[in-house]
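These are notes for a colleague who is opening this structure for the first time. Please keep the sequence and the 3D view at hand while reading the numbered points.

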Amino acid sequence: MSRRTRVSLFLALVLVVVGGVTAYAVGSAADYRRTYQRPPSVPTVSDADEPAGPASGPRIVFRHTGIDDSYGRVATVRLDDPSGPRTVSDVSCDRVDATDEVTACLRTERGVVTTYSLTEYDAGWHELQQVPLPGIPSRARLSADGAMVSTTTFVSGHDYLQVGFSTATEIRDVDGRGHGDLERFALVLDGERVTPRDRNVWGVTFADEDTFYATVGTGGRTYLVEGSLDARTLTSVADHVECPSLSPDGTRIAYKEASTRDGATWWTPAVLDLATGERTVLDAEQASVDDQVEWLDDDTLLYGLPREGEAGSTDVWALDARGSAGPRLLIPLAWSPAVVRP
Amino acid sequence: MYLTLSDRPAASPDAPVAGRRRVAPVVVTLGIVSLVTDISSESVAAILPLYLTAVVGLSAVSYGLVDALYQGVSALVRIGGGWAADRSGHPKWVAFLGYGMSAVARFLLLFSTGLAAISAVIAADRVGKGLRTAPRDAMISAATPPESLGHAFGVHRALDTTGAAIGPLIAFAVLWWIPDGYLTVMVISFGFAVLGVALLGLLVPDRPVPERRRDRAPVRWREVARPGLVRLVVVAGALGLVTVGDGFLYLALLELGGFAAHWFPLLYVGTNVVYLALAIPVGRLADRRGKATVLIAGHGALLAAYAVVALSLDATASTLLVLLLLGTFYAATDGVIAALAGRLVPDELRASGIASVQTVVVLARMVSSAAFGALWFVLGPRQALVVVGVALALALPVAFASARRLDLEAAGAP
């Protein structure tokens with residue numbers, strides 16, 4: 001092949017590649033505009049139509065995940081009719097938690113530099129405070145009285161030589177100051193004060209004004225720790241517990257239990273009785289659950305699962321906390337459920 | 001002894017024709033191959049964390065674990081790439097295999113959904129990167145007369161870094177246009193990967209390798225381990241052990257209140273821009289003043305960066321200063337060390353020589369990162385930096401002393 005032939009061949013290839021890639025990009029942009037302009041496939045209702053509708057009273061607040069013009073927005077259904085019509089707000093969140101008075105919203109803001117933020121809203125969707133977050137939103141939890149909020153984010157390193165990710169978990173006063181990174185709290189594992197460099201903290205659940213529970217991961221093991229905000233300590237109370245969630249009656253912790261299946265981590269929902277240490281693994285759920293569980297009531301767990309074959313869409317499932325029944329679909333096209341009982 | 005006159009790079013048609021200011025066309029072509037390939041890899045790298053967590057729905061922590069493993073694999077493959085290039089006498093086709101492997105990985109990424117599939121594809125990409133680096137650097141070395149090696153590597157690294165800066169910009173422009181356009185970014189990335197491979201395959205001649213005396217003879221590591229190269233490996237390895245990754249320096253700045261967390265990704269961009277601007281002038285300086293001398297002086301810039309972070313007087317000023325110093329450090333080390341290593345071994349063992357030094361540096365920095373991470377948690381960022389800085393300050397005079405000998409060895413016949 002002469003040099004001229006090779007140059008022509010290369011230029012022809014450049015044309016083919018640029019043409020093909022451009023056509024694909026334009027096509028997917030058109031697709032995007034089309035799919036994200038259609039109305040939701042599930043019934044919706046506007047606040048104005050129904051003043052006593054899902055947005056007030058006992059309700060479940062969640063992130064709507066239908067691939068439509070409301071994708072990612074915060075939506076609400078009535079607690080007594082979770083599969084019924086939903087109201088959709090104008091606020092988009094990756095992860096949301098709510099009480100009757102406060103909504104905490106974790107968001108990814110795309111740009112040349114992608115940024116992440118926590119925004120706190122009052123009951124009328126007025127912004128109380130916005131704070132930047134160090135990484136990709138993962139978990140958000142408000143205390144029952146709406147006075148404190150915790151966030152877990154994935155911080156991605158970008159160095160060729162370093163591990164790509166770690167978690168950053170913080171607790172803040174709503175509309176107030178932060179209490180700092182939980183990795184800085186004094187850590188006591190199995191009764192011994194330790195300072196492992198690889199420690200990660202994630203998945204906070206609040207007990208009272210001072211006490212909370214969270215997961216600490218170090219040396220390939222995970223621990224359930226009880227934290228004190230005043231003393232700035234984290235003390236292990238059990239091991240092999242991830243993403244704890246305290247039951248409304250305060251006696252049990254729902255969590256995800258890790259195992260290995262086909263070489264990858266597999267999480268099964270489980271419940272730990274804090275008084276007896278008894279564990280109930282809820283293997284009636286056949287899918288791997290990577291979520292921080294929410295309690296619907298003292299007997300039922302809620303969590304999100306991705307939809308098979310529909311990237312970006314998820315459903316919220318309900319599961320009996322004693323393991324006596326299998327999971328049932330509670331809210332289609334939903335993620336990050338928060339139960340609100342005014 | 002191994003250098004017959006006809007083998008001298010200056011005699012090859014790819015050598016500069018119009019004085020010393022120009023580099024061989026093949027160096028520019030290889031630079032563009034790297035530029036295009038870096039656009040390909042960095043555009044996907046920029047969106048991968050978001051894609052894995054937001055769309056695939058994976059826990060990011062599990063991704064981090066596999067990532068660390070592949071770094072080690074990539075370092076070992078690098079030695080293999082150098083060995084294969086010398087053994088076959090065709091570095092172009094070994095590099096082609098490496099670039100090709102990464103392109104195939106980008107194609108498979110379009111169809112990968114689970115964590116296992118995606119990590120396998122990323123592993124293939126890393127192996128490809130490991131495989132191609134040393135043969136490519138050996139080709140640059142072979143096509144360039146010794147007195148302009150620094151300049152040639154500077155040109156190549158400047159083009160390479162340009163690609164690394166453009167890639168993320170393209171990715172985020174696409175996501176801004178098409179908010180769920182992850183697949184579009186991957187298609188674009190695959191397109192650039194194909195262009196890189198085609199450019200290498202079609203337009204880079206498989207020529208600038210000296211004829212092997214003993215055809216397809218095994219690579220003798222004893223031949224590679226000449227006193228000069230061993231000295232360089234020891235010096236570069238020792239300095240690598242006290243080289244803290246820039247990620248740690250940025251984190252330290254963050255801890256000490258230098259800037260808001262969401263500027264974090266921009267720090268890499270800033271360092272790259274400085275590296276890009278300085279790669280060529282510093283490379284030419286290395287040609288005039290001695291490559292080893294500039295290599296060691298670059299570590300002086302690193303030491304200054306430690307000092308600035310540890311003192312952290314004014315937040316904004318120290319952040320900018322650190323970016324400037326780190327960019328200088330990369331400009332004075334990354335290309336320069338390959339230029340130097342290629343001169344310290346016989347021509348037909350060039351790729352193996354370059355690969356050995358690069359592998360040792362990568363492994364030393366991995367050890368250093370782990371050790372520094374431990375120091376950080378025991379002592380805190382400032383004290384940890386002081387400890388590493390003192391070690392570096394003690395190592396520098398010794399390294400400088402050996403730099404003179406290295407430069408003499410590189411200047412004379414090996």
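1. Read along the sequence, chain B runs α-α-α-α-α-α-α-α-α-α-α-α-α-α. That corresponds to 14 helices and zero strands. The model is a predicted one, and every remark below should be read as a remark on that prediction.

2. Chain B has 414 residues, of which 59% are buried. Its contacts were also sorted by distance along the sequence. Among contacts between residues at least 6 apart, 86% join residues at least 24 apart.

3. Which residues touch the most other members of the largest nonpolar core? They are B:L232, B:L249, B:A305 and B:L340, in a core of 141 residues. Domain 1 (24–203) and domain 2 (221–411) of chain B both contribute residues to this core, so the core lies between the two domains. As a general point, nonpolar side chains in soluble globular proteins tend to be buried together.

4. One of those four residues, B:L249, can be followed further. Leaving aside residues up to four places away in sequence, B:L249 touches B:V244, B:A305, B:V309, B:V322 and B:L326. B:A305 therefore appears twice in this account: as a contact of B:L249 and among the residues that touch the most other core members.

5. A second core, separate from the one above, has 74 residues. Its members include A:V201, A:A254, A:V271 and A:L272.

6. Chain A is assigned two domains: domain 1 covers 1–35 and domain 2 covers 37–340. Taken over C-alpha atoms, the centres of these two domains are 43 Å apart.

7. Two residues of chain A deserve a look at their backbone angles. A:R232 is not a glycine, yet has a positive phi of about 50 degrees. A:R232 sits in the loop between strand 16 (221–228) and strand 17 (233–239) of chain A. Is A:R232 buried or exposed? A:R232 counts as partly exposed, because 13 other C-beta atoms lie within 10 Å, whereas a buried residue would need 20 or more.

8. The other residue is A:S336, again not a glycine, with a positive phi of about 55 degrees. Where does A:S336 lie? A:S336 belongs to strand 26 of chain A, residues 334–340. A:S336 has 28 C-beta neighbours inside 10 Å and so counts as buried. In short, A:R232 lies in a loop and A:S336 in a strand; A:R232 is partly exposed, while A:S336 is buried.

Notes:
Residues are numbered from 1 along each chain as its sequence is written. Chains are lettered from A and ligands numbered from 1 in the order in which they are written. This is a predicted model: local features need pLDDT of at least 70, side-chain atom pairs count only at pLDDT 80 or more; totals for chains, interfaces and linings use all residues. Domain bounds come from an automatic or database domain assignment. A nonpolar core is a set of buried Ala, Val, Leu, Ile, Met, Phe, Trp, Tyr and Cys residues joined through C-beta atoms within 7 Å. A residue is buried if 20 or more other C-beta atoms lie within 10 Å of its own, exposed if 12 or fewer, and partly exposed in between; C-beta atoms are placed from the backbone. Two residues are in contact if their C-beta atoms, placed from the backbone, lie within 7 Å. Helices (H or I, at least four residues) and strands (E, at least two) are DSSP runs, numbered from the N terminus.
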